[in-house]
Structures are given as structure tokens and as C-alpha cells.
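Please read the following account alongside the coordinates. It proceeds from the contact between the chains to the sheet, and then to the helices.

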Amino acid sequence: MIHVELSDAARDDLLQLREHLRARHGAPLSGEFAELEDDANLLAVQHGAIRALATIRDNPWIGAENRARTGSRRIVDGRHVYFDREGYRGRHAGDMRFRIVYRLEPDEGAPARATVYAIAERASQRAYKLAERRWPRSG
Amino acid sequence: MAVREPATYEEALERIGELEEELESLDALLLLRERAASDDGTRHTLEDVARELGAEDLLDR
């Protein structure tokens, strides 16, 4: 078990999830995000993120390596996990709409903590793009 | 953006209200962009964030 920390921007991603989605997808939300205009559904998704973060705490390597994703540059040394609210049914079984991008620090082999740099929708690779901007420049 | 000349005092007040709403939206967008681009080194523990969402119980397992 390790410490999980969220950058200030990643915490904001999660706590202000609806506002961020509205800014990127328009208000009121429509399509797959329309249900997040309902407070209960929004909170259920946010709790889904907490569950996913707890799994990272318990197994730091549970996330897939970012290097498997083409187009990554700065975030190649990080990982990602998907999450959604319990009971969400997407178009396909197991579909989840959101992604957490994190890095094991100080290194992958013996991590003391997982730092989360972005939490956002999978659509348009948004979480990767946010993480790219926020990723540490070295070490 | 086309400038619309208000014909009456009431219309002018209405237009001022609309512009104020647009400015608030722009402020919100600028704030979001700041957030998107920055990492000031501040960190929050999972426990603190869970508490803010009333989800501490989800960490007990």
C-alpha cells in the first residue's frame, strides 16, 4: 500500500467535474454525459474515482502503462486506470467514461507514492492531454 | 460579435444583464484553462479528497 496524492489541478478535475465537462462539451450536458446534470449521478461518478484511486493505493501497478499509447511524449513513464459510477451501462459491456493518469514516484520499482496528474473523460483523449501539460519536466 | 443598439432603457438593462452573464462565463473558462495548464506543486491526499466528497468509507477495505 502506498500514498496516493492528487495534484491541485487533478483535485479540481474531480471536484469540478461537471463544470469542466460543460466547458468542453457545452451546457447542459448531452449524450453520454447528460446524466451528470443530476447531482446523484455526478456524485456516484466522483465516488467511482475514489474507488479507483483506492485500487491504485492497494496495487500501484494496476494501471496500464502509458507507453502503450501512441502519441505520448512526456507521460510515457506514467500509468492510467479507467473508472465510472457503479451500475453505468455504456454501449459495450464494461465501458467506462473516465480516465485517471498517474505516475509512481520516485520510481516505478520502489514507489513511495502515486501522484495523480489528470482526471477526465476518455473522449478526445482529454485526460492524456491534460496530463501532458502538467507532467513534471524531470525525474 | 455584432453590436446591438438598445432601443429602450429596459432593453439596455436587459442587454447589460446578458453581457454580465457572458463575462462570468468567460471568467469561468479562463479559470479552467489556468487549471488545465498548471501544476504548482500543491498536493492533496486521497484521504482529504475522499472526505471532501463524503466518501471516506470507500477507503476502508
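How many residues does the contact take from chain A, and how many from chain B? In this predicted model, chain A contributes 24 residues to the contact and chain B contributes 20 residues. On the side of chain A that touches chain B, at least two residues each are supplied by β1, α1 (8–15), α2 (17–25), α3 and α4 of chain A. The largest share of that side, seven residues, belongs to α3(A). By residue class, the side of chain A that touches chain B comprises eleven nonpolar, five polar and eight charged residues.

The two chains also meet in a sheet. Six strands make up this open sheet, with mixed pairing, in the order β2(A)-β3(A)-β4(A)-β5(A)-β1(A)-β1(B). The edges are occupied by β2 (64–65) of chain A and β1 (43–45) of chain B; each has a single partner strand, so one side of each is left without a neighbour in the sheet. As background, strands of a sheet pair through backbone hydrogen bonds, in either a parallel or an antiparallel sense.

The individual pairings can be followed from one edge to the other. At the chain A edge, β2(A) runs antiparallel to strand β3 (residues 79–83) of chain A and is joined to that strand by two bridges. Within this pair, Ala64(A) has His80(A) in β3(A) as its bridge partner. Next, five bridges connect β3(A) with β4(A), again in the antiparallel sense; here Val81(A) is partnered by Ile100(A) in β4(A). At the junction between chains, β1(A) and β1(B) run antiparallel and are joined by three bridges, with Glu5(A) opposite Thr45(B) of β1(B).

Two helices of chain A lie across strands of this sheet. Helix α3 (residues 39–58) of chain A has 20 residues, and its first and last C-alpha are 29 Å apart, close to the 28 Å expected at 1.5 Å a residue. This helix lies across β1 (3–7), β3, β4 (98–105) and β5 (113–121) of chain A, at about 140° to β3(A). Helix α4 (residues 126–134) of chain A lies across β1, β4 and β5 of chain A, and runs at about 130° to β5(A).

Which residues of α3(A) are buried? They are Val45(A), Gln46(A), Gly48(A), Ala49(A), Ile50(A), Ala52(A), Leu53(A) and Ile56(A). An α-helix has 3.6 residues a turn, so residues three or four places apart point the same way. The helix that holds these buried residues thus appears in two settings: α3(A) lies across strands of chain A, and α3(A) supplies seven residues of the side that touches chain B.

How values were computed. Residues are numbered from 1 along each chain as its sequence is written. Chains are lettered from A and ligands numbered from 1 in the order in which they are written. This is a predicted model: local features need pLDDT of at least 70, side-chain atom pairs count only at pLDDT 80 or more; totals for chains, interfaces and linings use all residues. Helices (H or I, at least four residues) and strands (E, at least two) are DSSP runs, numbered from the N terminus. The expected span of a helix is 1.5 Å times one less than its number of residues. A residue is buried if 20 or more other C-beta atoms lie within 10 Å of its own, exposed if 12 or fewer, and partly exposed in between; C-beta atoms are placed from the backbone. Two strands pair if DSSP finds at least two bridges between them. Two residues are in contact if their C-beta atoms, placed from the backbone, lie within 7 Å. Axes are lines fitted to C-alpha atoms, for helices over the stretch in contact, and angles run from 0 to 180 degrees between N-to-C directions. Ala, Val, Leu, Ile, Met, Phe, Trp, Tyr, Cys and Pro count as nonpolar, Asp, Glu, Lys and Arg as charged, and the others, Gly among them, as polar.
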